[in-house]
Each structure stands twice: as C-alpha cells, then as structure tokens.
Amino acid sequence: MSQFKAPDFYQLDDLFSEEERMVRDSVREWVDAEFMPIIEEHNRAGTFPMALVPQLGELGVLGASLQGYGCAGLSPVAYGLILQELERGDSGLRSFVSVQGSLCMYPIHAYGTDEQKEKWLPGMAKGELIGCFGLTEADFGSNPGGMLARLEDRGDHYVLNGSKYWITNGGIADLAIVSAKLDGEVRLIVVERGTPGYTTNTIKNKFSLRASVTSELIFSDAVVPKQNLLPGVTGLKGPLSCLNQARFGIAFGAVGAAMAVYDEALRYSKNRIMFERPIAGYQLVQNKLVWMVNEITKGQLLAWRLGRLKEQGRLHHTQVSLAKRNNCWMALECCRLARDILGANGITDEYQTMRHMCNLESVITYEGTHDIHGLIIGRQITGLDAIT
Ligand SMILES: Cc1cc2nc3c(=O)[nH]c(=O)nc-3n(C[C@H](O)[C@H](O)[C@H](O)COP(=O)(O)OP(=O)(O)OC[C@H]3O[C@@H](n4cnc5c(N)ncnc54)[C@H](O)[C@@H]3O)c2cc1C
C-alpha cells in the first residue's frame with residue numbers, strides 16, 4: 001500500500017469533473033501498484049520498464065486526449081492529470097507517454113492522411129507500436145530551424161540524410177517522426193524501423209532520466225516512401241505545434257514530481273527525531289515545507305487554468321511556456337529543499353527525491369530550456385525578440 005498523500009491545500013479537487021478525478025485516481029492507483037515497486041531497480045540499471053507498455057495501452061493513457069482511432073478522447077485537464085500522476089512515479093514514465101501521445105500520435109492525427117492515421121494510430125494507442133520524435137540535432141537544440149537533416153525527392157521515394165540527437169524512445173521506437181528540410185522547408189516524415197539506411201545508438205551514462213531510453217538517430221541515404229510524409233503542415237510550425245502539446249503535459253507532470261518529493265519530505269520530517277523532537281517541529285524545516293506547498297499550490301492552479309483554456313480553445317502558446325517554465329523550476333526547487341530535509345538519507349535511492357531531482361534537470365532543459373521559455377514570454381510582453 002502506498003503511503004502517498006497528494007497535497008491539495010486549495011481544495012482543487014472541487015475544480016475537476018468527476019471523470020477527471022476518476023481518471024486521475026485510476027492512474028494514481030496503477031502507478032502505486034505496478035510502477036513504484038520497480039522504478040528504483042530500473043533507475044539503477046538505466047532501463048525503461050518495457051513490460052508495462054501494454055498496460056499503459058490498456059489504461060488508455062497513450063494519446064488519451066485524441067479522438068477516434070482507439071484513443072480515449074479525454075479532456076485536456078484529464079490528460080494533464082494523467083501526466084501528473086505518471087510523473088509522480090518518474091519523469092521517464094511521463095516522458096514515454098508524452099512522446100508517444102503528444103509528439104508522435106498528435107502530428108499523425110493533426111497532419112496525416114486517413115490512411116496514415118489508420119495505419120499507425122490504433123497500434124500506438126494500444127502500445128503495440130512505439131514512436132519517437134526526432135527534432136533536435138547535436139548542434140541545433142534551442143535553434144531547431146538551423147537543422148541539417150535533408151529530404152531529397154527521388155521521384156517515387158525520398159532519401160533522408162542527417163542525424164538527430166537526444167531522442168527519447170529512439171532505440172525502442174517502431175517509427176520516428178522526423179523533422180527534415182525538403183526544398184528548404186521543414187517537413188515531418190514518418191520513418192519506420194527497418195528502413196534501409198536508418199540506425200540508432202543509445203546514449204549511455206546519463207545521471208538524469210535513467211529509466212528512459214535516449215538515443216541518436218542516424219539517416220544515411222535512408223529510403224523513405226513518399227506516402228510517409230505528413231502532408232498537412234509545412235515549416236517549423238509542424239514540430240513546434242507538437243512541442244506545444246507536450247509542454248502542456250509537462251506543466252502538469254512537473255507538479256506530480258513536486259508532489260512526490262513534498263510528500264516524502266513531510267512524512268520524513270514528522271518521523272525524524274533530532275534533539276529529541278521531530279524535525280518537522282523546527283521553524284527552518286517548516287519554512288521549507290511551507291515554501292513547497294505554497295509553490296505546488298500555485299503550480300496546480302496554473303496547470304488547471306491552462307487545461308481549461310485549452311478546453312475552450314483559448315490557449316496561447318506563451319501561456320504554455322509560462323506554465324512549463326514555472327512548474328519545472330518549482331519542482332526542481334522542491335526537490336532541492338526536500339533533499340535537504342532528508343539529510344544524508346536523501347542522497348540514497350532508498351528515497352525518491354534525488355531521482356526526481358536528477359530527472360528534472362532534463363525536464364527543465366528539454367522541450368525548450370527555462371531561459372528560452374523566458375525569452376518567449378519576454379517577446380510576447382515587450383514585442384521585442386531577444387532570442388535571435
Ligand atoms: C533526456 C533528454 C531527452 C530529450 N528528448 C528529446 C526528444 O525526444 N526529441 C528531441 O527532438 N529532442 C529531445 N531532447 C533535446 C532537448 O529538446 C534539447 O536538449 C533542448 O532543446 C536544448 O538544446 P541543447 O541541449 O542543444 O542546449 P543549447 O540550445 O545549446 O542551450 C544551452 C544553454 O544556452 C542557452 N541558450 C541557447 N540559446 C539562447 C539564446 N538565444 N538566448 C539565451 N540563452 C540561450 C540555453 O537556455 C541553455 O541554457 C532531449 C534532451 C534530453 C536531455
């Protein structure tokens with residue numbers, strides 16, 4: 001039985017529909033029962049728990065906000081709460097689900113032909129087909145528009161050359177949604193495993209997101225059928241619209257990681273006796289716990305509002321930037337405070353705080369770094385671009 005008690009200082013439960021609470025609670029129970037008992041062992045080994053993928057499909061969390069093709073068609077808030085609960089387990093688990101749903105299924109759903117949707121989406125919703133999203137290149141992270149990957153039209157097929165780096169799920173993916181330039185314009189194309197000229201390498205020795213596969217994708221005269229190009233979008237808008245979906249989920253997910261470490265630190269501080277009293281009774285420790293619950297509450301409200309704006313079709317991408325930026329920062333700060341409260345015990349993997357802290361160093365970097373999101377917000381409020 002998990003001891004986890006989710007902080008809800010502002011009675012946010014009242015703001016969620018019955019369906020949203022039900023979805024959240026069923027994922028919470030699944031994480032407790034199936035994921036928590038095995039995460040530390042996977043984190044140590046640096047492996048993703050592949051055996052759980054069919055269960056994720058059965059739970060209905062893969063592409064959960066999409067309509068049709070075997071997807072659950074849930075509200076944005078329900079989808080966000082799923083990601084919150086998954087990241088309460090581990091950012092690697094949430095990353096798997098975000099990449100599958102927001103970065104791979106979403107573009108096929110939004111920009112693909114009926115044939116492409118029928119071919120890939122039902123299998124992806126079940127977890128029978130795994131996707132990865134190749135945008136970043138080793139020399140083009142924050143500036144993806146400078147990418148070198150190129151598609152060449154060879155009459156009845158395309159030839160793809162280039163490489164992608166830091167790609168979540170890369171080595172385990174059945175298909176990659178790759179961004180590459182065709183006649184100078186960024187396009188999204190599906191490259192299936194087994195395509196001649198397409199290989200992957202695993203990026204090893206990570207301190208962060210250890211229970212997640214991160215890879216390099218290499219395309220060397222890879223022959224890709226023409227019918228794999230997603231016809232509905234041209235330009236950087238394609239990949240950026242996918243990132244917007246994923247960042248939305250991260251805003252919720254980071255709250256989950258913060259909730260996990262707050263809960264751990266609170267429980268620990270009540271039980272840890274120093275100078276003959278529980279450390280929770282000392283003002284400095286309380287100050288840290290109060291900072292955490294204060295910021296978690298604000299993060300929860302930001303995420304909830306983000307979800308409702310999305311539901312109403314009123315969401316602006318800079319609002320997503322603000323929530324992603326704030327909640328990743330907040331969660332990382334919570335980890336640092338929680339680790340401090342745990343004392344020496346906090347540096348071992350008997351406790352989850354350090355694992356979450358290391359993970360969040362990736363989460364605050366990927367899908368747009370903390371500073372890049374700051375500059376996106378800065379551009380919005382001043383009308384002046386400080387990025388380029
Ligand atoms: C574990 C992990 C998984 C990932 N998964 C994926 C994936 O599935 N698919 C994918 O495509 N990518 C993925 N990424 C890549 C990720 O999106 C990039 O790492 C991220 O965009 C940052 O790029 P970079 O690492 O090249 O940093 P850089 O762009 O080199 O930035 C380095 C520093 O410079 C700062 N900086 C850069 N430009 C500016 C500027 N104009 N003004 C001020 N500061 C600036 C940044 O804020 C940062 O602090 C993943 C990364 C990690 C770590």
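Start by selecting helix H9, residues 353-363, and pick out its buried residues: Thr353, Arg355, His356, Met357, Asn359, Leu360 and Val363. Keep in mind as you click around that this is a predicted model.

Look at the spacing of those picks along H9. An α-helix has 3.6 residues a turn, so residues three or four places apart point the same way. Now show what surrounds them. The buried residues of H9 pack against helix H1 (18-45), H3, H4, helix H6 (237-271) and helix H8 (317-341).

**Over to H4**

Keep Asn359 selected and add Gly92. The two sit 267 residues apart along the chain, yet their C-alpha atoms are separated by 7.6 Å. Gly92 belongs to helix H4, which covers residues 91-111. Is Gly92 buried or exposed? Gly92 has a relative accessible area of just 1%, so it counts as buried.

Which residues touch Gly92, once you ignore its neighbours within four places in sequence? Light up Phe48, Leu209, Ala211 and Ser212: those are its contacts.

**A cysteine check**

Next, select the cysteines. How many disulfides are there? The count comes to zero. Zoom in on Cys334 for an example: the nearest cysteine sulfur is that of Cys335, 7.1 Å away, and Cys334 is in no disulfide. The cut-off for a disulfide is sulfur atoms within 2.5 Å, so the 7.1 Å between these two does not qualify. Cys334 is also buried, with a relative accessible area of 0%.

Then hop to Cys358. Here too the nearest cysteine sulfur belongs to Cys335, this time 8.9 Å away, and Cys358 is in no disulfide. Cys358 is partly exposed, at 24% relative accessibility.

**Two odd backbone angles**

Now switch to the backbone and select Tyr69. You'll find it in the loop between helix H2 (53-59) and helix H3 (76-89). Tyr69 isn't a glycine, but its phi is positive, at about 55°. Its relative accessibility is 24%, so Tyr69 counts as partly exposed.

For the last stop, select Phe275, in the loop between strand E8 (273-274) and strand E9 (277-278). What is the phi of Phe275? Phe275 has a positive phi of about 50°, again without being a glycine. Turn on the surface and check how the residue sits: at 73% relative accessibility, Phe275 counts as exposed.

Methods:
Residues numbered from 1 in each chain as written. Predicted model: local features only at pLDDT ≥ 70, side-chain atom pairs only at ≥ 80, totals over all residues. Heavy atoms only, no water. Helix = DSSP H or I, 4+ residues; strand = E, 2+ residues; numbered from the N terminus. Buried < 20%, exposed > 50% of the residue type's maximum accessible area, 1.4 Å probe, protein only. Contact = heavy atoms within 4.5 Å.
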